[in-house]
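This report is meant for someone meeting the structure for the first time. It begins with a single residue and widens from there to the surrounding elements and the whole chain.

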Amino acid sequence: PGYFARRNASGGVPPPVELAGVLYNYGALLHESRRDLNLSRALYNLSIHYDPTNPSVHNNLGSVLASTRAWDLADAAYARALALSPKDVSALHNYGVLLAERGRLDRAADMFNKALKV
């Protein structure tokens, strides 16, 4: 409550984009430090609900999904990240790794080459 009270003097609900950012940051913290992948996945999905235009959230969601072997969902998350930001080196790399692990070497090489050109 203190964070939003300071940020939103009207006392109302914070704007969706701001709420999405908080959810994304908390999801990233859990993803990287505590490795709580289920909660990270839920937080990333909530962040996407409030702001579907942030490619970093889709990229991080893809990483969580790949870590939990939800391959098709990870593929879709990386594809969405790249649709939003085609030159996102992290998403290109992560998608390339997923594709290589799934045996789709031509597409993986494509992603890695695109990343090198950015």
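With a relative accessible area of 17%, Asn-94 counts as buried, because the cut-off for that class is under 20%. The model in which this value was computed is a predicted one. Asn-94 has its place in helix 6, and its side chain takes part in two of the polar contacts described here: one with the side chain of Asn-59, at 3.1 Å, and one with the side chain of His-93, at 3.3 Å. When neighbours within four places in sequence are left aside, Asn-94 is in contact with Asn-59, Ser-63 and Tyr-78.

The partner residue, Asn-59, belongs to helix 4, which covers residues 55–67. Is Asn-59 buried or exposed? Its relative accessible area is 4%, so Asn-59 is buried. Beyond the neighbours within four places in sequence, Asn-59 is in contact with Tyr-78, Ala-81, Ser-90, Ala-91 and Asn-94. Tyr-78 thus appears in the contacts of Asn-59 and also in those of Asn-94.

**The two helices that carry these residues**

Helix 6 takes in residues 89–101, which makes 13 residues, and it reaches 18 Å from its first C-alpha to its last, close to the 18 Å expected at 1.5 Å a residue. Its buried residues are Ala-91, Leu-92, Asn-94, Tyr-95, Gly-96, Leu-98 and Leu-99, and what covers them includes helix 4, helix 5 (71–84) and helix 7 (105–117). At the N-terminal end, helix 6 is capped by Asp-88, of which a side-chain oxygen lies 3.1 Å from the backbone nitrogen of Ser-90. Just after the helix, Gly-103 takes a positive phi of about 80 degrees.

Helix 4 also has 13 residues, and because a span of 18 Å is expected for them at 1.5 Å a residue, the 19 Å between its end C-alpha atoms agrees with that expectation. This helix is mostly covered, with 11 of its 13 residues buried; among them are Val-57, Leu-61, Val-64 and Leu-65, together with the polar residues Asn-59, Asn-60 and Ser-63. The N-terminal end of helix 4 is capped by Asn-54, where a side-chain oxygen lies 2.9 Å from the backbone nitrogen of Ser-56.

**Residues on either side of helix 4**

Pro-52 lies in the loop between helix 3 (37–50) and helix 4, and it is partly exposed, with a relative accessible area of 39%. Neighbours within four places in sequence aside, Pro-52 is in contact with His-58, Arg-80 and Leu-84. The C-alpha atom of Pro-52 is separated by 9.3 Å from that of Val-17, a residue 35 positions away along the chain.

On the other side, Arg-69 is found in the loop between helix 4 and helix 5. Which sign does the phi of Arg-69 have? The angle is near 65 degrees, a positive value in a residue other than glycine. Arg-69 is exposed, with a relative accessible area of 62%.

**Surface and overall arrangement**

Leu-29, in helix 2 (residues 16–34), is partly exposed at a relative accessible area of 46%. Together with Tyr-26 and Leu-39, Leu-29 forms a nonpolar patch on the surface, and the accessible area of these residues together is about 270 Å².

The table below gathers the relative accessible areas of the residues discussed.

| Residue | Relative accessible area | Class |
|---|---|---|
| Asn-59 | 4% | buried |
| Asn-94 | 17% | buried |
| Pro-52 | 39% | partly exposed |
| Leu-29 | 46% | partly exposed |
| Arg-69 | 62% | exposed |

Taken as a whole, the protein has 7 helices and 0 strands, so that the pattern read along the sequence is α-α-α-α-α-α-α. Of its 118 residues, 40% count as buried. The accessible surface of the protein comes to about 6900 Å², and 56% of this belongs to carbon and sulfur atoms. Among the contacts with a separation of 6 or more, 38% are accounted for by residues 24 or more positions apart. The polar contact between the side chains of Asn-59 and Asn-94, at 3.1 Å, joins residues that lie in helix 4 and in helix 6.

Methods. Residues are numbered from 1 along each chain as its sequence is written. This is a predicted model: local features need pLDDT of at least 70, side-chain atom pairs count only at pLDDT 80 or more; totals for chains, interfaces and linings use all residues. Side-chain values use heavy atoms; hydrogens and water are left out. Helices (H or I, at least four residues) and strands (E, at least two) are DSSP runs, numbered from the N terminus. Buried means under 20% relative accessible area, exposed over 50%, partly exposed in between (1.4 Å probe, protein chains only). A polar contact is a pair of N or O atoms within 3.5 Å; within protein, one must be able to donate a hydrogen and the other to accept it, and residues adjacent in sequence count only if both atoms are side-chain atoms. Contact means heavy atoms within 4.5 Å. Patches are made of residues with over 30% relative accessible area and no salt bridge: like charges are joined within 9 Å, nonpolar side chains (Val, Leu, Ile, Met, Phe, Trp, Tyr) within 5 Å. Accessible areas come from the Shrake-Rupley method with a 1.4 Å probe; for residues, only the protein chains shown count as cover. A salt bridge is a side-chain nitrogen of Lys or Arg within 4 Å of a carboxyl oxygen of Asp or Glu. The expected span of a helix is 1.5 Å times one less than its number of residues.
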